[in-house]
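Colleague: I should like to learn how to read the features of this structure in order. Could we begin with how a chain is divided, and then turn to its partner and its ligand?

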Amino acid sequence: MEQVITAQNLCLFYGKHQALKNINITMPRNKIMAFVGPSGCGKSTFLRTLNRMNDLIEGVKITGQVNIAGQDIYAPRTDVVELRKKVGMVFQRPNPFQMSIYDNIAYGPRIHGETKKSVLDQLVEESLRGAALWDEVKDRLHSSALGMSGGQQQRLCIARLLAVKPDILLMDEPCSALDPISTMRVEELLGELKDKYTIIIVTHNMQQAARSSDYTAFFLLGEMVECRETNTMFTNPQDKRTEDYITGRFG
Amino acid sequence: MNTYNQARLKADRCVRGVFVLAACILTLIIVALLFFMSQQGLLTFKDVSVGEFFFSSVWNPDNNQFGALSFIIGSLAVTVLAIAIGGPLGVVGALFMAKLAPAWMRAILKPAVNLYMAIPSVVYGFVGLTVVVPWVRETFGVTGGFGIFTAASILAIMILPTVISIASDALGTVPAMLEEGSVALGATYWQTMWHIVLPTALPGIVTGIVLGMARAIGETMAVQMVIGNTPQLATSLFMPTSTLPSEIVVEMGNTPFGSTWGNSLFLMALVLLLLSLLMIVLVRYISSRKAVRV
Ligand SMILES: Nc1ncnc2c1ncn2[C@@H]1O[C@H](COP(=O)(O)OP(=O)(O)O)[C@@H](O)[C@H]1O
Ligand SMILES: [Mg+2]
């Protein structure tokens, strides 16, 4: 199976505090991988190394290698704009811009130079359909995105990503601010997106990981303890710490 | 209902009463101000026609000619030009302070900017008189160096601290998650600033500009020292002219209260008040339309 993401001996420091310790992991194309682990174990931090969002934070130091689609993304000549187009990110809280629904989706293509209205119209429709949102909003594309429900806003943020045609979607606890029904809709959406995209989803929710992912990686105190197919991970974990965590015997 | 709750409800009512009272007093003061200025000012029209006051620029009280057009134009021109220079400068400064400057520099800049607000306008006037006037004279090859351009340059600097401090507060409250959302789509830093951060902070930035404008249009001392104080219609940015407040302060002392001349100065003050209210409403209106469209 083709591996799109490979991290080797990855360490990350916030100043003196080491948040990631020697992470080695590979991720296959067009699958969903879930990251689980207790709060503060470095899931978000690792996710953010994959599209170099940590560049925004002062005092971050990274050693080791991350390869995405065969390229070392921390090589000095990496085009970060291209990288972030290919590796999109959905955040914990929905963060739609203060614009219309249409403009939110068109934002990405526009900053990358697309100006033709017909192309943008098409992209907006495609992306909204891709995020299972088109039918709900097609009559109010030009009203503010802030008037949508939280679940719709989160799917809008996913649609906004799809419009720049990424290959990989990083989702940092995308359902943690949503009600159960909206959560279910996002999970359904994940299943549909899997055919076209490689997806990594951070989640606190064991059931969610078990339900919606193909692979699961367990993080603890900055280490990646164990990574295998979700089925075997939940039925037959190899590491004692993983077993303790998924059976709920963990602090 | 127990007595504890009743006491709390009573306190609540009292506090609300205090707020309502404060609001009423403020409104009353403004209405009284307008009333007083109008009462005295409108007496002018017993002796001077509305057309003459607003559309003639011949100001010669000894000859009973009271055309205030040149002052109105002077005030508007000085204010608009000051905002045109100081507004963008201030917003860029605010962007630097709120988003680019490292933490230690911000810690120095913020109090420094507030300190600037406390500089008395007569000091700005002196700087204008001794530095800007000669500079304008030499740079633009004009005689004198007094006029709208000089006054507007000084005002632009005077309003900078107001604009910077309010706009940078507004920029600082833009949620980081909006910036991250934009950057994660592949936007550059500047694209993110321009398309996301500035529009989100727009209401606060407009407040800063409105307050700057209010300061510019009402500024008397600094303008009076560099505008030339000549009651003539400005046909260039570099000729001596006058503004409403500077003309009022120059003439107030030797004008008998209750005379047509005296009344006309009150009327000028009223016009100034209305003009500044009008400009504030206008800016708010334009920016609210823009905010809806974005
Ligand atoms: N911007 C930051 N600066 C300093 N330390 C941070 C920062 N973000 C996260 N950390 C630290 O890194 C560790 C991992 O955090 P995080 O990746 O957010 O964990 P998770 O997403 O698994 O809850 C925590 O100890 C946290 O305190
Ligand atoms: Mg996290």
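Modeller: Domain bounds come from an automatic or database domain assignment. Please bear in mind that this is a predicted model. For chain B, the assignment gives domain 1, residues 3-45, and domain 2, residues 70-252.

Colleague: How many Å separate the C-alpha centres of domain 1 and domain 2 of chain B?

Modeller: The two C-alpha centres lie 33 Å apart. For scale, the C-alpha trace of chain B spans about 70 × 65 × 35 Å along its principal axes.

Colleague: Which elements make up chain B, and in what order do they run from the N terminus?

Modeller: Chain B holds 11 helices and two strands. The order from the N terminus is α-α-β-β-α-α-α-α-α-α-α-α-α, with the two strands following the second helix.

Colleague: How should I read the contact between the chains, and how many residues does each supply?

Modeller: Contact here means heavy atoms within 4.5 Å. On that basis, chain A brings 26 residues and chain B brings 17. About 1700 Å² is buried between chain A and chain B, and carbon and sulfur atoms give 65% of that area. On the side of chain A, Gln98(A), Tyr107(A) and Ile111(A) supply 28% of what this chain buries against chain B, more than any other three residues.

Colleague: Turning to ligand 1, which elements of chain A each supply at least two residues of its shell?

Modeller: They are strand E2 (17-28) and helix H1 (43-49). H1(A) gives the most, with three residues. The residues around ligand 1 include Tyr14(A), Gly40(A), Lys43(A) and Ile57(A). By class, the shell has four nonpolar, six polar and one charged residues.

Colleague: Which polar side-chain atoms should I examine against the oxygen atoms of ligand 1?

Modeller: The cut-off for a polar contact is 3.5 Å between N or O atoms. A polar side-chain atom of His17(A) lies 3.4 Å from a ligand oxygen atom. For Ser44(A) the corresponding separation is 2.6 Å, and for Thr45(A) it is 2.5 Å.

Colleague: What percentage of the accessible area of ligand 1 does the protein cover?

Modeller: The protein covers 61% of the 560 Å² that ligand 1 has on its own.

How values were computed
Residues numbered from 1 in each chain as written. Chains lettered and ligands numbered in written order. Predicted model: local features only at pLDDT ≥ 70, side-chain atom pairs only at ≥ 80, totals over all residues. Heavy atoms only, no water. Near = heavy atom within 4 Å. Polar contact = N/O pair within 3.5 Å; in protein donor to acceptor, adjacent residues only side chain to side chain. Areas by Shrake-Rupley, 256 points an atom, 1.4 Å probe, with all protein chains shown as cover. Helix = DSSP H or I, 4+ residues; strand = E, 2+ residues; numbered from the N terminus. Nonpolar A, V, L, I, M, F, W, Y, C, P; charged D, E, K, R; others polar. Buried area = accessible area lost by both parts, 1.4 Å probe.
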